[in-house]
Amino acid sequence: MAPHQMHSAVVSSDRYYLRAILPEDTEEVFDFLVKYYYPHEPINQSVNRIPVNIYQCSHGETIKEGFSLMAVDKDSGKLIGVSIQGLARPGEDEDILLRAQAVAHFGAVKVAKSFEILAVLERQADMWSRLGVDRSLRVLATAVHADYQGLGLGGAFVVASARLAQKHMIPSLSIITSSFYFANACKRLGGELIHSVRYADFTDDQGVPHLPVAAPHVAVTMWSFDPADLAGRDSAARAPRRRSAAAV
């Protein structure tokens with residue numbers, strides 16, 4: 001059964017449940033990301049907002065894979081959170097660089113740098129040889145409605161992702177985040193820090209950072225989880241209150 005055919009809740013609490021994002025949910029999910037993810041993502045802020053259509057093109061293709069998740073309020077039926085995720089395989093750095101080159105071709109140099117730092121992270125991390133795996137369920141973006149932060153939704157998404165990875169026999173769960181807060185959540189959940197690239201070290205020939213990301217965000221990081229270690233959990237660590245649970 002394809003992952004997008006799963007209509008039952010992957011994770012459920014008293015207030016919300018998590019389920020797969022279906023094709024008919026895509027427009028609502030994009031509207032949610034425009035409000036609760038794109039404006040708050042640290043790299044996006046540093047380049048004065050990456051055009052939404054660039055994000056949507058990338059995230060839209062990932063949603064089609066069927067592994068992305070949404071959180072729904074049990075009482076109101078309102079969308080309150082999303083996690084965009086898909087399969088990653090060796091060679092991801094080359095794919096990201098091609099995307100950066102395409103963006104730079106149209107003059108969006110700073111936007112291209114936002115992709116390049118991800119390619120650097122991917123190449124230097126070399127998680128495939130380090131972990132001995134050939135694929136990973138990769139979490140690319142997570143966002144939570146402002147009124148529902150502090151309820152553990154970020155952690156619940158990670159647990160649900162681990163269950164999906166187990167169900168589809170994917171040997172690894174990995175998360176890339178540009179956010180100081182989400183990186184801390186990954187650490188609390190027991191994730192292994194595979195690699196990080198500090199924004200201050202990603203510079204031009206004169207030593208000027210390509211991405212002047214504001215504190216407290218200091219690096220883009222890659223985290224790894226063994227799906228079996230997380231899948232059995234009933235709940236997860238709570239995210240800090242009133243912070244944007246945004247990952248890139």
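Start with strand β8: Ala-219, Thr-221, Trp-223 and Phe-225 point one way from it, while Val-220, Met-222 and Ser-224 point the other way, and all of them are buried. Put as a count, seven of the seven residues of β8 are buried, so the strand is mostly covered. Keep in mind as you look around that this is a predicted model.

**The sheet around β8**

Who are the neighbours of β8? On one side there is β6, which pairs with β8 in the antiparallel sense over five bridges. If you want a spot to look at, find Leu-173, which stands opposite Phe-225 in β8. The other partner is β7, residues 192-198, which is also antiparallel to β8 and is joined to it over six bridges. Here you can look for Leu-193, whose bridge partner in β8 is Trp-223.

Now zoom out. Eight strands make up an open sheet, and walking across it you meet them in the order β1-β2-β3-β4-β5-β6-β8-β7, with mixed pairing. Which strands stand at the edges? They are β1 (11-12) and β7, each with a single partner strand, so one side of each has no neighbour in the sheet.

Here are the three pairings described in this report, side by side.

| Strands | Direction | Bridges |
|---|---|---|
| β6 and β8 | antiparallel | five bridges |
| β7 and β8 | antiparallel | six bridges |
| β5 and β6 | parallel | three bridges |

**β6 and the way into it**

Is β6 buried or exposed? Five of the five residues of β6 are buried, so the rest of the structure largely encloses this strand. Leu-173, Ile-175 and Thr-177 point one way from β6, and Ser-174 and Ile-176 point the other way. Next to β6 runs β5, parallel to it and joined by three bridges. Leu-173 turns up again here, as the bridge partner of Leu-137. To get from β5 to β6, the chain passes through α7, and this β-α-β crossover is right-handed.

**Helices on the sheet**

That same α7 lies across β1, β2, β3, β4, β5, β6 and β8, and it runs at about 155° to β5. Helix α1, residues 26-36, packs on the sheet too, touching β4 (79-88) and β5, and its direction makes about 105° with that of β4.

**What fills the inside**

Nonpolar side chains tend to be buried together in soluble globular proteins. In this model, the largest nonpolar core has 32 residues, and those with the most contacts inside it are Leu-18, Leu-137, Leu-153, Val-158, Leu-173, Ile-175 and Phe-225. Among the elements that give two or more residues to this core are β2 (16-20), β3 (69-73), β5 (136-144) and β8 (219-225). Which element gives the largest share of this core? That is α7, with nine residues. Apart from this core lies another one, of 27 residues, among them Ala-88, Met-127, Tyr-199 and Phe-202.

Leu-153 is worth a click. Leaving out residues up to four places away in sequence, Leu-153 touches Tyr-16, Leu-18, Ala-71, Ile-80, Val-144 and Tyr-148.

**Two aspartates**

Now for two loop residues. Asp-25 sits in the loop between β2 and α1. Why does Asp-25 count as buried? Its relative accessible area is 7%, and the cut-off for buried is under 20%, so Asp-25 falls in that class. The side chain of Asp-25 reaches the backbone nitrogen of Leu-22 at 2.7 Å. Beyond its neighbours within four places in sequence, Asp-25 is in contact with Arg-19, Ala-20 and Met-70.

Asp-126 is in the loop between α5 (109-125) and α6 (127-131). With a relative accessible area of 36%, Asp-126 is partly exposed, because that class lies between the 20% and 50% cut-offs. Its side chain makes a polar contact with the side chain of Ser-129, at 2.4 Å. Asp-126 and Pro-90 are 36 residues apart in sequence, and their C-alpha atoms are 8.4 Å apart in space.

**The whole chain**

Step back to the full picture: the protein has nine helices and eight strands. Of its 248 residues, 54% count as buried. How many of the contacts between residues at least 6 apart in sequence join residues at least 24 apart? The share is 76%.

Key:
Residues are numbered from 1 along each chain as its sequence is written. This is a predicted model: local features need pLDDT of at least 70, side-chain atom pairs count only at pLDDT 80 or more; totals for chains, interfaces and linings use all residues. Side-chain values use heavy atoms; hydrogens and water are left out. Helices (H or I, at least four residues) and strands (E, at least two) are DSSP runs, numbered from the N terminus. Buried means under 20% relative accessible area, exposed over 50%, partly exposed in between (1.4 Å probe, protein chains only). A polar contact is a pair of N or O atoms within 3.5 Å; within protein, one must be able to donate a hydrogen and the other to accept it, and residues adjacent in sequence count only if both atoms are side-chain atoms. A nonpolar core is a set of buried Ala, Val, Leu, Ile, Met, Phe, Trp, Tyr and Cys residues joined through side-chain atoms within 4.5 Å. Contact means heavy atoms within 4.5 Å. Two strands pair if DSSP finds at least two bridges between them. Axes are lines fitted to C-alpha atoms, for helices over the stretch in contact, and angles run from 0 to 180 degrees between N-to-C directions. A crossover is right-handed if, with the strands pointing away from the viewer, the path from the first strand over the helix to the second runs clockwise.
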